[in-house]
Amino acid sequence: TQRVVIIGAGIVGTNLADELVSRGWTDITVVEQGPLHMPGGSTSHAPGLVFQTTPSKTMTSFATYTIEKLLSIEKDGHNCFNQVGGLEVATTPARLEELKRKHGYTSSWGIDARLVSAEECLQIYPHLNKDMVLGGLHIPSDGLALAARATQLLIERTRNAGVKYLQSTPVTGIGRAAGRVTGVTIPGGTIPADIIVSCAGFWGVELGAMVGLSIPLLPLAHQYAKTTAVPSLVGRDLNDQINGKNAALPILRHQDQDLYYREHGDQYGIGYYGHRPMPIKASSLGLTSKNVDEMNMPSRLEFTAEDFDPAWRETKQLLPMLRDTEIADGFNGIFSFTPDGGPIVGQAPNLDGFWVAEAVWVTHSAGVARAVAEVLTTGRSQIDISECELSRFEEVQLSRPYIEETSAQNFVEIYDILHPLQPRESPRQLRTSPFYAREKELGAFFLELGGWERPFWYEANKELLNYLPANWKPVARDGWSAHYYSPIVAAEAWKTRNAVAMFDMTSFHRFEVSGPGALGLLQLLSTADVNTTPGTITYALLLNDQGGIRSDVFISRLEENLFQVGANTATDLAYLTREARRQNQKQFVQVREITGSTCCIGLWGPRARDVINEITTDDFSNKGLPYFGVKQALINGIPVTAFRKSYVGELGWEIQTTAEYGLRLWDTIFQAGRIHGLIAAGRAAFNALRLEKGYRIYGTDMNTEHNPYEAGVAHGIRASKWDDYVGKAALERISASEQKPARRLRCLAVIDGRSMVLGKEPVFYNGKAVGYVTSAAFGFTIRKPIAYAWLPGSLGEGAGVEIEYFGRRIKATVVAEPVYDPDNKRLLA
Ligand code: FAD
């Protein structure tokens, strides 16, 4: 069996030991720098509020499992979760609306919850100021984690199962050989290991540095204070005080003022996120195992009372009975924040066997630990963890200034009402395509992804709205769905479908896979047979061992030993690079990212060929470059690679060149295209057009939880593929046994023709929540909003469902997909 070393005995490290033990792994050592009875990390003083619901299905599922597990960890008849419920109150109309959206998430992710009126809030929580509260969201299964107790019980039970614990033992180095870990260095020796998992919490940055890995987390102090005893609560008989269950009322959130509350017996605990960000460097804290106690621990800093003043004022407004109390004790406690708010989980791209599970809340701790244990023992977590992947960050997002600025911003915004498309304001312009200057001239509205500035639409196209035919006129949107949207999108879609448009495709990941081992590597990792004649593009899936989709890619064979992979994420690059390292031991193969050194324009629309023929003498006819063909060509003297494919479902090409020719390529196409009605179009139109055509987006529409049959991408699998590939055995089992998938990704059309949804909304059938929306857009072809949604397999075409949007039910029908050009006549034109 594998020798595992876990660094850190907080709630994450101890849960991981437990999850591994329960899967039969036994050779496990947990190394903790502090004393085991109170290690001194964030867990040692976490007040333990568990609000489960977030926009993320993954994070919500982690929380739900954490509760389930804490309820099951028992000693002397007492478990480790006080299920008092959770109440979030609204004191502003905007928050009241937001709670409706949040209630939608509870339905989407299967949590029992109820929107409650102001009166009901007061019944549930009598201490609230009745003049302030407008309504609330009540989630009975939320509550308080007894994190420190759970940690101790997990230590006890895993120790009994053979896990070794070393306390007061800092890990000071990581041993490596041949790209793999060999063990950890501790004072006076080493502990050999095949797998090391850093569960070091906010010390993760220091652990990462030991192996040359940038860990994108920022330790920040967060204020938590306890009041003196509340006179009216003194002497209450709380049923289970000895076991730490010293609260009876629900945990309470007042997000309009960045506040949360719990009871501690007759005292109140108040947490505050409204203060200035207070960044910390863990290595500056120092620690000796002697000075750790309840009041002195590295994760606990002096209380800065002046920062707490606004919180205290607001608190006395919301909870008038606290006016009779004082702040008895407060501290600035440290824990981790990240650029996107997600945890950091996964294997180091640069070092096999080095794993991290950091920036994890108590709320998600057991869920994350189970996921890591599942990946280590079986290669796949039952809950998709792509949004938590350490490797999800682009290189530019791993610099300390980026991490520090964005993580601090995340702290500031933690309770804010955020639109799903809302971009960060800073840092921006980190990555721009060679077309950026031209895009700005055209009045591009940019949104950011992975550091890239991406045009969503162009103000220059506004005048087209005057010429739009009646059946293309944009329909009015409600306030929320009109954010980060412009009616110009309709004009850009119209031009793409009826003339021709150019789209900046530069930000899409492009990798070059080359060398004698290239074919072997891609055959092994992908579901398609890519042993094709050079000049061919193939759509393929990358699966995990259990047949779950880990990505979908386009693999173009450019030469015998040269392939280009059009991929989705930085995680794909980490995966291909790691597997290439392995393959290299047999046959040389190199994986190289070329995204930034190249650029790409999608030239699409029924008149695309008219445009291209103006600027090239190469043959772009169906014979010269058939659908899914790729070739080198010259466009106005610029060497390009032309890929005959289209995300928007129209005739045309992705035209790629190296960065230095970018501007000239843009100008050439733009000028030649004008007489054919060409415009530049942005991602908002692109997204609508791709959805009409049924093209899935990895991560949004499907992920590792789904197999290709239920996700509707089985065309990426070649039955004839003779040799083995990752996931093949699992697929064979699935295809034999699952002719009728239990769930399916389906296309819905909104009946009223105008009610937009945005994604993640619950879908109801016969009044019962049965699924959730993944992507949505306006379907210009059918002149109705369309949405893709995961639904029970039994709900076939024609089924009538309802999508819940801010508490309103919108009627929709399951329709045949794709709604646009199902026979590919346009693509093949
Ligand atoms: P930790 O508990 O910090 O454990 C990491 C361990 O690694 C430490 O014990 C440390 O000593 C050890 N370690 C580090 N470096 C080394 C090394 N080199 N060698 C050996 N050992 C090492 N979360 C919620 O879900 N709900 C809440 O209500 C909540 N409230 C919070 C309030 C405050 C004031 C604070 C500070 C945090 C709060 N959190 C809350 C966050 C939560 O406490 C943390 O996210 C969680 O405890 C992190 O657990 P962990 O095991 O990853 O880290």
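A cluster of aromatic rings links Tyr224, Tyr260, Tyr273, Phe331, Phe335, Phe337, Trp361, Phe411 and Tyr415 in this predicted model through ring pairs. Counted across the structure, the aromatic pairs come to 31. One of them joins Phe337 and Phe411, two members of the cluster, in an edge-to-face arrangement with 5.3 Å from centre to centre and 75° between the planes. This pair links distant parts of the chain, since Phe337 belongs to strand β20 (residues 327–337) and Phe411 to helix α9 (residues 400–412), 74 residues apart. Phe337 and Phe411 are both buried.

A stacked pair is formed by Trp472 and Phe780, whose ring centres are 5.5 Å apart and whose planes make an angle of 20°. Trp472 sits in the loop between β24 (452–458) and α11 (488–498), and Phe780 in the loop between β38 (768–779) and β39 (784–792), so the contact ties together parts of the chain 308 residues apart in sequence. Trp472 has a relative accessibility of 12% and therefore counts as buried; Phe780 is buried too, with a relative accessible area of 7%.

Rings also meet charged side chains. The charged end of Arg253 is placed over the ring of Phe51, 4.0 Å from the ring centre. Lys631, for its part, lies over the face of Phe620, with 5.7 Å to the centre of the ring.

Turning to the ligand, 36 residues surround it, and those that come nearest are Glu32, Thr43, Leu49, Val360 and Thr363. Several polar atoms of the protein face ligand oxygen atoms. A polar side-chain atom of Thr363 is found 2.6 Å from an oxygen atom of the ligand. Backbone atoms take part as well: a polar backbone atom of Ile11 is 3.1 Å from a ligand oxygen, and a backbone N or O atom of Val362 is 3.2 Å from an oxygen atom of the ligand. Of the 1,000 Å² that the ligand exposes when taken alone, the protein buries 97%. Elements giving two or more residues to the surrounding shell are α1 (11–22), β14 (218–227) and β20. Strand β20 gives the most, with 4 residues, and this is the strand that holds Phe337 of the aromatic pair described above.

Helix α13 (residues 570–584) offers a look at a helix within the protein. Its 15 residues reach 21 Å from the first C-alpha to the last, close to the 21 Å expected at 1.5 Å a residue. Of these 15 residues, 11 are buried, so α13 is largely enclosed by the rest of the structure. The buried residues of α13 include Asp572, Arg578 and Glu579, along with Leu573, Tyr575 and Leu576.

Some backbone details deserve a closer look. Most residues other than glycine have a negative phi, and most peptide bonds are trans. A cis peptide bond nevertheless joins Ser426 and Pro427, with omega about -5°, and Pro427 is placed in the loop between α9 and α10 (436–441). That loop also holds Gln429, whose phi is near 55°, a positive value in a residue other than glycine. Gln429 is partly exposed, with a relative accessible area of 47%.

The segment after β41 (808–815) contains Pro818, which a cis peptide bond joins to Glu817, again with omega about -5°. Asp821 is in the segment after β41 as well, and its phi is near 45°, a positive value. With 12% relative accessibility, Asp821 counts as buried.

Note on methods
Residues are numbered from 1 along each chain as its sequence is written. This is a predicted model: local features need pLDDT of at least 70, side-chain atom pairs count only at pLDDT 80 or more; totals for chains, interfaces and linings use all residues. Side-chain values use heavy atoms; hydrogens and water are left out. Rings of Phe, Tyr and Trp (its six-membered ring) pair if their centres lie within 6.5 Å; planes under 30 degrees apart count as stacked, over 60 as edge-to-face and the rest as tilted. Buried means under 20% relative accessible area, exposed over 50%, partly exposed in between (1.4 Å probe, protein chains only). A charge sits over a ring if NZ of Lys or CZ of Arg is within 6 Å of the ring centre and within 35 degrees of the ring normal. The expected span of a helix is 1.5 Å times one less than its number of residues. A residue is near a molecule or strand if one of its heavy atoms lies within 4 Å of it. A polar contact is a pair of N or O atoms within 3.5 Å; within protein, one must be able to donate a hydrogen and the other to accept it, and residues adjacent in sequence count only if both atoms are side-chain atoms. Accessible areas come from the Shrake-Rupley method with a 1.4 Å probe; for residues, only the protein chains shown count as cover.
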